[in-house]
Amino acid sequence: MIPDGLLVLRSAFAESRLMFRDRDRLERYAAGQAAAQMRWLAVHSPYTAQRLREAELSPLEWRSLPPIGKAEMMGHFDTLNTAGLRLEDVLAVARRAESSRDFTPTLPGPAGPVTVGLSSGTSGTQGAFLVSRAERLQWAGVILRRLLPPPWPAALLKRQRVAFLLRAEGGLYRSVQGRRIDFRFFDLLRPVSELAAGLSAYRPTLLIGPPSVLRALLTAGAAAAPERVVAVAEVLEQVDRALLEAGFGPVVQVYQATEGLLALPCPHGHLHLNEAHVHFDWEDLGGGYLRPVITDLRRRTQPVVRHRLDDLLVLGGGCTCGLAARRVERIAGRQDDALLLPGAAGESVTVWPDFIRGAMNLLAGLREYRAEQTGADTLRLSLDPDTGEGRASAEREVRAALRRCGADADRVRLEFVPLAAPDADAPVPRAKRRRVARLWTP
Ligand SMILES: [Zn+2]
């Protein structure tokens, strides 16, 4: 078997050739990948074959498939995956691994062991996902190629220590150890103070984790001076960026869901869709907001074909870096979290989390906040620091943002409550942190 480190490097070098600067070449490459992927899946993934059959489509007409979501993916898990695994067994292994803190739970697949992860989704169905060794190492190679500080490949000549701070799916990433490059996975179920000490001792050159976790470690006294901090799994907000840059160093953002690696930063600091590996279709929700329907062009253990995400994106124009993959202007947030507030004419108006985040990020010196809709016309705000002046500015900015979205800002009640203090000895919370959320359902 080829050693892990070598596979990662091979994937990293291959990635160099997939960073297309010509849109036509990128699209031709992706179309070829898609055709090969769909022909293979039509044979090996019974549920994918069933979807094609029910829609009366050939594998090459996959773009006309009706989209599915997490519920369908879980509902047809046993016949969707190509490793012949049953959801029941997968969940049992994953839960046992979580309680025993063994982060590399595997099940036997036809092409070697398959790693099992549970998605830390915030609502509804719990997601389980499967990744083969090859897929895991390929992922690491892409991350490495895109995120090691340039120039490539000279960056490899330096000794690199890569720290991954990830949730229970972390088993997926605990893979590479070599002479030049060392990846270390930090178990997020350990107390924050312990993690902070471990991270300081490791002295990473590349530090990868969710912004909320990185911040918690900083607060708990972690000292590290990586060349780069990579924010994954959560939207990176201005308040976090400023703190992390001051505490650790330059911050870049990766946009990843359990369904796939969706966007990566370019050397100019902008996010670009990962279009050489994932095909994006869009549902237009108006006002520039697009909901992605994604198809993974490479991962085969658990296929992702015309899969609708809950996140909303706003795409941007071209980028000065010259990459052909489209630029993500911003990640507006999850549709589940969009606030539903009364409009001027009594109708219900959607306020995307993005607008509230924008308003809060205007407040000088704000370290932390929450904004939660708790009733038909009630928005609960928590601020840190929590001062009279801060509350007045928050109220002003939030009301202005509501008005911009067409909500009747005067009818919305703003309630201020203190923010619960974090506990340094507790593990990092399992659920993804959401600063803006709708807790009320109509
Ligand atoms: Zn760019």
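## Rings, zinc and a few odd bonds

Biologist: How many aromatic pairs does a search of the whole structure find?

Modeller: The search finds 5 aromatic pairs. Keep in mind that this is a predicted model.

Biologist: Take F20 and Y29. How far apart are the ring centres, and how do the planes sit?

Modeller: The centres are 5.4 Å apart. The planes of F20 and Y29 stand at 40 degrees, so the pair is tilted. Planes under 30 degrees apart would count as stacked, and over 60 as edge-to-face.

Biologist: Is F20 buried or exposed?

Modeller: F20 is buried, at 8% relative accessibility. Its partner Y29 has 22%, so Y29 counts as partly exposed. The cut-off for buried is under 20%.

Biologist: What about W139 and F164?

Modeller: Their ring centres lie 5.6 Å apart, with the planes at 40 degrees, so this pair is tilted too. W139 and F164 link distant parts of the chain, 25 residues apart. W139 is in helix α7, residues 133-147. F164 is in strand β4, residues 160-166. Both W139 and F164 are buried.

Biologist: What sits between α7 and β4? I mean, where are P151 and P153?

Modeller: P151 lies in the loop between α7 and β4. P153 has its place in that loop as well.

Biologist: Which kind of peptide bond joins P150 and P151?

Modeller: A cis bond, with omega about 5 degrees. W152 and P153 are also joined by a cis peptide bond, and there omega is about -5 degrees.

Biologist: New topic. Which residues coordinate the zinc ion?

Modeller: C266, H272, C319 and C321 do. The cysteines use their SG atoms, and H272 uses NE2. The distances run from 2.1 to 2.3 Å.

Biologist: What spacing do those donors follow along the chain?

Modeller: They follow C-x5-H-x46-C-x1-C.

Biologist: Why is the arrangement called tetrahedral?

Modeller: The 4 donor atoms subtend angles of 101 to 119 degrees around the zinc ion, which makes the arrangement tetrahedral. The ideal angle for four tetrahedral donors is 109.5 degrees.

Biologist: Are C319 and C321 buried or exposed?

Modeller: C319 is buried, with a relative accessible area of 15%. C321 counts as buried too, at 8%.

Biologist: On to helices. How many residues of α11 are buried?

Modeller: In helix α11, residues 353-360, 6 of the 8 residues are buried, so the helix is largely enclosed by the rest of the structure.

Biologist: Which ones?

Modeller: P353, D354, I356, R357, A359 and M360.

Biologist: And how do α9 and α10 cross?

Modeller: Their axes come within 10 Å and cross at roughly 45 degrees. That makes α9 oblique to α10. The crossing is left-handed. For the map, α9 covers residues 211-219 and α10 covers residues 238-247.

Biologist: Last topic, backbone angles. What is phi at E56?

Modeller: Phi of E56 is near 55 degrees, a positive value in a residue other than glycine. E56 lies in the loop between α3 and α4. E56 is exposed, with a relative accessible area of 71%.

Biologist: And R203, what is its phi and where does it lie?

Modeller: R203 has a positive phi of about 50 degrees, although it is not a glycine. Its place is in the loop between α8 and β6.

Biologist: Is R203 buried or exposed?

Modeller: R203 counts as exposed, at 54% relative accessibility.

How values were computed:
Residues are numbered from 1 along each chain as its sequence is written. This is a predicted model: local features need pLDDT of at least 70, side-chain atom pairs count only at pLDDT 80 or more; totals for chains, interfaces and linings use all residues. Side-chain values use heavy atoms; hydrogens and water are left out. Rings of Phe, Tyr and Trp (its six-membered ring) pair if their centres lie within 6.5 Å; planes under 30 degrees apart count as stacked, over 60 as edge-to-face and the rest as tilted. Buried means under 20% relative accessible area, exposed over 50%, partly exposed in between (1.4 Å probe, protein chains only). Helices (H or I, at least four residues) and strands (E, at least two) are DSSP runs, numbered from the N terminus. Donors are N, O and S atoms within 2.8 Å of the metal (3.2 Å for Na, K and Ca); water is not among the atoms, so sites may look incomplete. Four donors count as tetrahedral if all angles lie between 85 and 135 degrees; four count as square planar and six as octahedral if opposite donors are over 155 degrees apart and all others between 65 and 115; anything else is irregular. Axes are lines fitted to C-alpha atoms, for helices over the stretch in contact, and angles run from 0 to 180 degrees between N-to-C directions. Angles under 35 degrees count as roughly parallel, over 145 as roughly antiparallel, 65 to 115 as roughly perpendicular and the rest as oblique. A crossing is left-handed if the near helix is turned anticlockwise from the far one by less than a right angle, and right-handed if clockwise.
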